[in-house]
Amino acid sequence: MMAVVAVVIALQGNLFAVVILGSVYSFLMATALVALDAVDVAMTEAAVGAGISTVLLLGALYLVRGEEQKARSRPWIPLVVSVAMAGTLVFGTFGLREFSDPTAPIHTHVAPRYINDAARETGVPNIVTAVLASYRGYDTLGETTVVFTAGAGVIALLRRRRRPEADGDRR
Amino acid sequence: MRQYLVLRVVAKIMIPFMLLFALYVQFHGDFGPGGGFQAGVIIAAAIIFYAIVFGLPTARRVVPDRLVETCLAAGVLIYAGVGFVGIFLGGNFLDYFVLDHDPVHGQHRGIFWVEVGVCVTVAGVMLKIFYMFAARRRDGGDE
């Protein structure tokens with residue numbers, strides 16, 4: 001179903017439909033994540049991917065015209081590059097262990113410690129929260145700083161629009 | 001969209017519950033799914049919903065720009081502040097064990113404040129970006 005939505009997005013010329021289909025895609029993705037037992041990620045995907053980014057894209061659409069312009073030249077080289085890249089990635093997945101294989105390296109390094117000791121050491125039953133905020137506290141601090149920097153960057157870019165000649169630069 | 005009665009009524013009913021759900025996700029994140037990031041996004045989504053239905057100027061009166069910008073920075077400061085409190089109490093940066101006599105309680109406390117920081121920053125940033133985008137054509141693009 002997600003593949004169908006992706007193909008329709010690629011073929012669709014009307015940008016409004018593309019935005020809405022992107023939202024649909026995000027919801028399908030969230031459903032897939034719930035099926036994979038990653039409820040935290042699914043929640044984020046549903047809220048950010050389907051909710052806020054759709055609103056932001058609609059806001060951007062309000063500023064530009066709603067129809068995609070015809071491409072001036074047929075972009076063959078990017079097509080070849082992306083197909084080659086996708087082929088490489090698919091080829092790479094053949095080298096991975098089977099999904100949910102308990103002896104895979106990713107499950108034997110730190111994961112057992114988190115699963116066995118996280119509740120005792122942090123008193124937090126949700127291991128995702130424990131890992132995110134405690135064991136990986138530095139990383140999360142970095143992420144928060146990244147989010148802050150993104151906000152600051154948007155402010156810096158969009159607030160300086162008093163001069164009329166700078167009007168068309170971010171269309 | 002101010003003239004659609006159904007939308008307005010539904011929005012008025014829904015928004016308190018959205019905010020409540022955000023708080024639930026925030027404070028129950030230790031036990032169920034969720035945490036600071038998700039809660040922040042849900043808060044932002046609720047306010048964006050409000051802004052869409054009742055108009056941007058109304059939303060800006062309810063949640064002024066100053067508050068949003070303060071949130072933006074305050075979250076990171078809360079997070080980093082937790083780290084420095086750890087140093088002052090004799091531990092390492094972001095060391096939660098020293099925040100309370102009982103190390104497990106200290107962890108709880110540290111995680112709680114860190115999540116608050118994440119939530120505040122995320123909500124602030126999302127709202128700010130929305131405000132800036134939505135305001136672009138309306139009032140000549142400037143704030």
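Chain A of this predicted model is built from eight helices and zero strands. Walk along its sequence and the pattern reads α-α-α-α-α-α-α-α. Chain B has five helices, again with zero strands, and from its N terminus the elements run α-α-α-α-α.

How well are the residues of each chain covered? In chain A, buried residues make up 18% of the 171 residues. In chain B, 43% of the 143 residues count as buried. The contacts are worth a look too. For chain A, take the contacts with a sequence separation of 6 or more: residues 24 or more positions apart account for 36% of them. For chain B, among contacts between residues at least 6 apart in sequence, 63% join residues at least 24 apart.

Now go to the place where a helix of chain A meets one of chain B. Helix α3 of chain A covers residues 39-63, and it packs against α2(B) at an angle of about 30°, with the two axes 10 Å apart. Because an angle under 35 degrees counts as roughly parallel, α3(A) and α2(B) are roughly parallel to each other. Their crossing is left-handed. Which residues of α3(A) and α2(B) make the contact? On the α3(A) side they are A:Asp40, A:Met43, A:Thr44, A:Ala47, A:Val48, A:Gly51, A:Ile52 and A:Val55. On the α2(B) side they are B:Phe37, B:Gln38, B:Val41, B:Ile42, B:Ala44, B:Ala45 and B:Ile48. Sorted by class, the contact has eleven nonpolar, three polar and one charged residues. If the spacing of those numbers looks familiar, here is the background: an α-helix has 3.6 residues a turn, so residues three or four places apart point the same way.

Stay with α2(B) for a moment. This helix is mostly covered, with 15 of its 19 residues buried. It takes in residues 36-54 of chain B, and a quick geometry check works out: at 1.5 Å a residue it should span 27 Å, and its end C-alpha atoms are 27 Å apart, which agrees. Just after α2(B) comes B:Gly55, which takes a positive phi of about 95°.

A little further along chain B you reach B:Pro64, in the loop between α3 (56-62) and α4 (65-88). Is B:Pro64 buried or exposed? It counts as exposed, because it has 11 C-beta neighbours inside 10 Å and the cut-off for exposed is 12 or fewer. For a sense of distance, B:Pro64 and B:Phe84 are 20 residues apart in sequence and 30 Å apart in space, C-alpha to C-alpha.

Back in chain A, helix α8 covers residues 137-159. The same kind of check holds up here: at 1.5 Å a residue, its 23 residues should span 33 Å, and the end C-alpha atoms are 33 Å apart, which agrees. Within α8(A), the buried residues are A:Gly137, A:Thr140, A:Leu141, A:Thr144, A:Val147, A:Phe148 and A:Gly151.

Let's zoom in on A:Phe148, which lies in helix α8 of chain A. Why does A:Phe148 count as buried? It has 21 other C-beta atoms within 10 Å, and the bar for buried is 20 or more. What is A:Phe148 in contact with, leaving aside its neighbours within four places in sequence? The answer lies in chain B: B:Leu72, B:Ala73, B:Val76, B:Thr121 and B:Val125.

How values were computed:
Residues numbered from 1 in each chain as written. Chains lettered and ligands numbered in written order. Predicted model: local features only at pLDDT ≥ 70, side-chain atom pairs only at ≥ 80, totals over all residues. Helix = DSSP H or I, 4+ residues; strand = E, 2+ residues; numbered from the N terminus. Expected span 1.5 Å × (residues − 1). Contact = placed C-beta atoms within 7 Å. Axes fitted to C-alpha atoms, helices over the stretch in contact; angles between N-to-C directions. Parallel < 35°, antiparallel > 145°, perpendicular 65-115°, else oblique. Left-handed = near helix turned anticlockwise from the far one by under 90°. Nonpolar A, V, L, I, M, F, W, Y, C, P; charged D, E, K, R; others polar.
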